[in-house]
Amino acid sequence: MSYYSPDALLTDAQRLPCTFENAVQGLGFLDPSSTSSTIPAGTTLQLPLWLAEMLAVSQRMGTPNNVLSLDNPPALSSRVLNALKADPKTVELRQLATHFYALGERVLGLWDEPELEEVLIQTYKARTAEIADLAHNPQGAIGGEAGVFLRGLDEDERQLFRVAHESAKMMKQFMTERSTKN
Amino acid sequence: GPLRPTEVSFLAESTPITIIPRQRLDTLPLISLTTPRLTPPQRATVPLWLALILKKQKRCNIVPPSWLSSHTISGILQWEHDNPSSFSGALPWHWLELSELLLEAASDDIPDANVGGEMDLRVLLRALREVRQSKARDGLKQLEGTYLLMNGLGMMEITELRGFAGMVVDGLRKLGAT
């Protein structure tokens, strides 16, 4: 993702659950519920991706331990994956994470998770097919099932819908402006 | 971003077309071409944009291209129905734009344009557009992270799909679907 892209920055701000393997001095401020300046070993916090990745990669000097270990975010839990396997179009991705697929990509970059990768791909294919249909035939797309689906689109999907809808609109305009011009 | 339909239509206007001039006109040395001298009633080949201007000023009649006829279009329409997973290569690159522009400007020069009924050229073109569009949409549902092969689409049809298809393929690529 590009350095300055707003979507990349917002993705980076999404959080992962992190468990501190060792006590770390001076980072106490990361835990809003703590008054100490030291994070005790075993603490689990939700940290933004950019910080979590940096800390996970660093090692405490003189020890083979990593500073912290990362876990799957709730948005990509096995409960969510099962729901997506059952019917990808009924899950409201936006509620789980505004930049759902981007979050998935980052997690896939951290661990090997073939099941997650497969579910994301199939989900994306099924939902983008639905987005294409809705963009061309937006009958009553504001209310009803279609409305719920559209409101549940993550950011990438929303941009897809916009592009598809714009192009459909411009085509319609082009095809009809002939008959109305005269 | 992708080209708009009006821009695609503009590009189509460089297509050469045959006209029957009604008035003399000397050759015009332009940047991209030198237009032929127009000597009625001799036919001449000029770019479409010039033909449209002259037609509007009633200084010529336009000879419709051979594919712009009910006979040809109904044949292609039948082929499209008989071949549900391909697109006819018999249509010119700018078929959609050219038919729109010519029917608008010169329907009196196109015999099949005002026939009415099911062999009416406009009706056939609309049907052709719809069957191809429906096939293209089905094609989009099969997008993978590598490539989607849809030969035979016209420039306008491709432009219509480009934005969406490009984004979906890119999204799949990022998810590792290549």
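This report describes selected features of a predicted model, covering an annotated domain, a buried arginine, a covered helix, and the main cavity and pocket.

## Annotated domain in chain B

The UniProt record, an unreviewed entry, assigns residues 5-63 of chain B to "domain: DNA replication complex GINS protein PSF2 N-terminal". In the model, helix makes up 29% of this span and strand 24%. The C-alpha atoms at the two ends of the span are 25 Å apart.

## Arg127 of chain A

Helix 6 of chain A, residues 114-136, contains Arg127(A). This arginine has a relative accessible area of 0% and therefore counts as buried, the cut-off being under 20%.

Two partners lie 2.7 Å from the Arg127(A) side chain. One is the backbone oxygen of Val91(A), and the other is the side chain of Glu157(A), with which Arg127(A) forms a polar contact. Once neighbours within four places in sequence are set aside, the residues in contact with Arg127(A) include Pro88(A), Lys89(A), Leu93(A), Phe149(A), Gly152(A) and Leu153(A). Tyr101(A) is also among these contacts, and it is one of the buried residues of helix 5 of chain A.

## Helix 5 of chain A

Helix 5 of chain A spans residues 100-110 and is mostly covered, with nine of its eleven residues buried. Among the buried residues are Phe100(A), Ala102(A), Leu103(A), Val107(A) and Leu108(A). Glu105(A) and Arg106(A) are buried as well.

## Cavities

Across the whole structure, three cavities of 30 Å³ or more are found. The largest cavity has a volume of about 80 Å³. Its lining draws on both chains: His136(A), Ala164(A) and Ser167(A) come from chain A, while Gln133(B), Arg137(B), Leu140(B), Glu160(B), Leu161(B) and Phe164(B) come from chain B. Two or more lining residues are given by each of helix 8 (155-181) of chain A, helix 5 (121-140) of chain B and helix 6 (155-174) of chain B. By class, four residues of this lining are nonpolar, three are polar and two are charged.

## Largest pocket

The largest pocket has a volume of about 600 Å³. It is lined by 23 residues, and those nearest its centre are Lys172(A), Met175(A), Thr176(A), Glu100(B) and Arg126(B). Helix 8 of chain A, helix 4 (95-106) of chain B and helix 5 of chain B each give two or more residues to the lining. Ten of the lining residues are charged, seven are nonpolar and six are polar.

Helix 8 of chain A and helix 5 of chain B thus appear in the lining of the largest cavity and in that of the largest pocket.

Note on methods
Residues are numbered from 1 along each chain as its sequence is written. Chains are lettered from A and ligands numbered from 1 in the order in which they are written. This is a predicted model: local features need pLDDT of at least 70, side-chain atom pairs count only at pLDDT 80 or more; totals for chains, interfaces and linings use all residues. Side-chain values use heavy atoms; hydrogens and water are left out. UniProt positions are given in the numbering used here, feature names are shortened, and annotations may be inferred rather than shown by experiment. Helices (H or I, at least four residues) and strands (E, at least two) are DSSP runs, numbered from the N terminus. On a 1 Å grid over the protein atoms alone, a cavity is a set of points where a 1.4 Å probe fits but cannot get out, and a pocket is an open set with protein on both sides within 12 Å along at least five of seven lines; lining residues have an atom within 4 Å of a point. Grid points are joined across faces, edges and corners, and a volume is the space filled by probe spheres set on the points. Ala, Val, Leu, Ile, Met, Phe, Trp, Tyr, Cys and Pro count as nonpolar, Asp, Glu, Lys and Arg as charged, and the others, Gly among them, as polar. Buried means under 20% relative accessible area, exposed over 50%, partly exposed in between (1.4 Å probe, protein chains only). A polar contact is a pair of N or O atoms within 3.5 Å; within protein, one must be able to donate a hydrogen and the other to accept it, and residues adjacent in sequence count only if both atoms are side-chain atoms. Contact means heavy atoms within 4.5 Å.
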